[in-house]
Amino acid sequence: MEPAVLPGKAVMSRSIVRQSKFRHVFGQAAKAEQSYDDIRVSKVTWDSSFCAVNPKFLAVIVESSGGGAFLVLPLSKVGRVDKNYPLVIGHSGPVLDIDWCPHNDNILASGSEDTTTMVWQIPDHTPCRPISEPIVVLEGHSKRVGIVKWHPTARNILLTAGSDNLIIIWNVGTGEPLITMDDHPDLIYNVSWNYNGSLFCTTCKDRRLRVCDPRKREVVAERLSPHEGIRPMRAIFTKEGNIFTTGFTRMSQRELGLWDPTNFEEPIALLELDTSNGVLLPFYDPDTSMVYLCGKGDSSIRYFEITEEPPYVHYLSTYSSKEPQRGMGFMPKRGVDVSKCEIARLFKLHERKCEPIIMTVPRKSDLFQDDLYPDTVGPDPALEPEEWLDGRDEDPILISLRDGYVPPKSRELKVSKKNVLDSRPAPRRSLSAVDGSSLPPQLLEKLVEEIQSLKATVLSQEKRICDLENKLSKYTNGTV
């Protein structure tokens with residue numbers, strides 16, 4: 001894989017070796033005490049990453065009896081995970097994919113074999129009991145939902161793809177399906193939004209790579225067999241609008257490609273890698289134009305730099321370890337440690353644990369490295385759902401990492417269900433006959449104050465119960 005060094009050319013090395021600040025990036029596993037141990041990672045046969053991470057939380061799809069579940073841990077909760085740690089439950093079938101909302105670090109979407117997508121509000125504090133009530137359930141697929149992907153710039157827009165070959169785009173804030181596309185004749189392997197969310201690309205079992213414009217509800221470009229093998233492909237948009245793909249040759253060798261969607265005839269680059277069965281999951285960093293390839297069942301992570309000069313996709317290095325990976329999570333750039341010149345952090349799933357792997361550029365200076373950290377995608381949406389649906393496009397709102405990034409406190413996702421409740425029986429409410437608008441303002445204010453006071457009491461009691469449960473478990477475990 002590495003570029004061969006020709007004998008007798010050492011003198012010319014200065015002109016031969018490509019100049020790049022990422023040539024010496026190296027990967028390092030976190031210390032054992034910084035891992036998350038005793039996690040029973042899901043064994044479901046589905047080629048998703050099984051792991052999602054943001055600057056606050058780590059989420060992992062886990063084995064569970066009687067339905068599907070996933071584990072959500074605060075990033076700081078390293079070490080052994082208690083076997084009774086509360087899970088997020090609610091799906092009646094195995095969970096296949098999870099994705100954190102890019103605009104709210106406490107909101108996560110999950111897709112399941114039970115044909116539903118659920119959106120969850122994760123509290124900042126450790127819950128005392130399993131989280132079983134999603135804030136919204138999205139029902140529209142007739143078969144399992146294997147892909148969930150939040151829109152990169154518009155608030156509350158979520159894309160789901162199912163084994164019914166449908167793609168549905170939802171407004172999570174109302175629980176409504178906005179757009180349904182049925183252009184795929186077979187199973188959809190993956191979906192990737194472009195940088196501003198105006199298009200998305202898909203790979204499909206019919207061996208076609210498609211570029212779709214969701215608001216026109218049409219496929220605007222497609223390419224048959226970007227990789228000639230029949231095994232699953234993956235495709236992601238780069239910041240410049242090209243498409244990076246991974247797949248297999250006819251001889252079952254793994255292969256990567258770079259394509260211009262405005263001219264699908266010839267690839268910009270096509271590179272054979274090795275012979276292995278695992279599907280290569282690509283993780284792309286738009287700030288550095290680097291892509292990290294993690295094969296399921298592999299014990300290594302290869303990383304490449306995409307540039308505008310030939311050969312366009314440059315192999316950088318490989319992080320190798322002994323243990324194969326069951327899945328992988330990729331931290332958004334605002335979650336890395338800029339003081340240590342960390343440019344990426346991946347979360348490798350083993351059979352029973354999750355291990356952070358830190359990618360670093362070696363630098364001697366302790367100062368903030370402007371060239372490594374251009375302004376990056378922040379947590380604020382650039383568009384409201386209605387603006388995006390009306391055809392507006394905006395690039396993500398960027399933030400500086402010069403002073404590091406501190407995640408904000410939990411913000412509640414408000415769901416105003418317009419017509420979701422029409423199709424369901426209305427829940428019984430004891431005060432449904434009382435219309436709020438007909439109450440005197442003083443009484444209304446008093447009622448609101450009382451409700452807030454009750455909420456505060458419930459929260460404090462819940463915290464107290466939680467503390468007492470923790471103390472009791474220490475006594476029963478014999479640690480005190």
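Select I107 in this predicted model, and look across to β10, where Q121 stands opposite I107. Widening the selection to strand β9 (residues 107-112) and strand β10 (residues 116-121) shows two strands that run antiparallel and are joined by 5 bridges. Both belong to an open sheet of 4 strands, in the order β8-β9-β10-β11, with antiparallel pairing. To find the margins of that sheet, select β8 (95-100) and β11 (136-139), the edge strands, each of which pairs on one side only. Viewed along the sheet, neighbouring strands are turned by 20° against each other on average, with direction ignored.

**The strand with both faces covered**

Select next strand β13 (residues 157-162), where 6 of the 6 residues are buried. Which residues lie on each side of β13? On one side are I157, L159 and A161, and on the other are L158, T160 and G162, all of them buried, so that both faces of the strand are covered. With β13 still highlighted, add strand β12 (residues 145-150), which pairs with β13 in the antiparallel sense over 5 bridges; within this pairing, K149 stands opposite L159. The two strands form a hairpin with 6 residues between them, and in the turn N156 has a positive phi of about 65°.

Then add strand β14 (residues 167-171), which runs antiparallel to β13 and is joined to β13 by 5 bridges. A convenient pair to display here is T160 and I168, the latter being the bridge partner of T160 in β14. The hairpin of β13 and β14 has 4 residues between the strands, and N165 in this hairpin takes a positive phi near 65°.

**A second open sheet**

Move to V62, whose bridge partner in β5 is A69. The surrounding pairing is that of strand β4 (residues 57-62) with strand β5 (residues 68-74), which is antiparallel and extends over 6 bridges. These strands are part of an open sheet of 4 strands with the order β3-β4-β5-β7, again with antiparallel pairing. Its edge strands, each pairing on one side only, are β3 (51-53) and β7 (88-91). In this sheet, neighbouring strands are turned by 20° against each other on average, direction ignored.

**Charged pairs**

Side chains of opposite charge can pair when their charged atoms come close. A search of the whole structure finds 22 salt bridges, and a few of them make useful stops.

Select R18 and E305 to display a salt bridge in which the closest N and O atoms are 3.1 Å apart. This pair links distant parts of the chain, with R18 in the loop between α1 (13-16) and β1 (26-29) and E305 in strand β26 (residues 300-306), 287 residues apart. Is E305 buried or exposed? With a relative accessible area of 9%, E305 is buried.

Now select R254 and D274, whose side chains meet in a salt bridge at 2.9 Å, N to O. Here R254 is in strand β22 (residues 253-259) and D274 is in strand β23 (residues 269-275), 20 residues apart, so that distant parts of the chain are linked. Both R254 and D274 are buried.

Keep D274 selected and add R302, which forms a salt bridge with D274, the closest N and O atoms being 2.6 Å apart. Because D274 lies in strand β23 and R302 in strand β26, the pair ties together parts that are 28 residues apart in sequence. R302 is buried, as is D274. Another group to select is D206, R208, R210 and E222, which salt bridges with shared partners join into one network.

**Cysteines**

Turn next to the cysteines, among which a search of the whole structure finds 0 disulfides. Select C354 together with C51: the sulfur of C51 is the nearest cysteine sulfur to C354, at 4.8 Å, and C354 is in no disulfide. C354 has 0% relative accessibility and therefore counts as buried. C128 can be selected for comparison, and is also buried, with a relative accessible area of 18%; the cut-off for buried is under 20%.

**A nonpolar patch on the surface**

For the last stop, select L443, L444, L447, V448 and I451, which form a nonpolar patch on the surface with about 390 Å² of accessible area together. L443 is placed in helix α3 (residues 441-477). How is L443 classed at 38% relative accessibility? At that value L443 counts as partly exposed.

Conventions: Residues numbered from 1 in each chain as written. Predicted model: local features only at pLDDT ≥ 70, side-chain atom pairs only at ≥ 80, totals over all residues. Heavy atoms only, no water. Pairing = 2+ DSSP bridges. Axes fitted to C-alpha atoms, helices over the stretch in contact; angles between N-to-C directions. Patch = residues over 30% accessible without salt bridge, like charges linked within 9 Å, V, L, I, M, F, W, Y side chains within 5 Å. Areas by Shrake-Rupley, 256 points an atom, 1.4 Å probe, with all protein chains shown as cover. Salt bridge = Lys/Arg side-chain N within 4 Å of Asp/Glu carboxyl O. Buried < 20%, exposed > 50% of the residue type's maximum accessible area, 1.4 Å probe, protein only. Disulfide = S-S within 2.5 Å.
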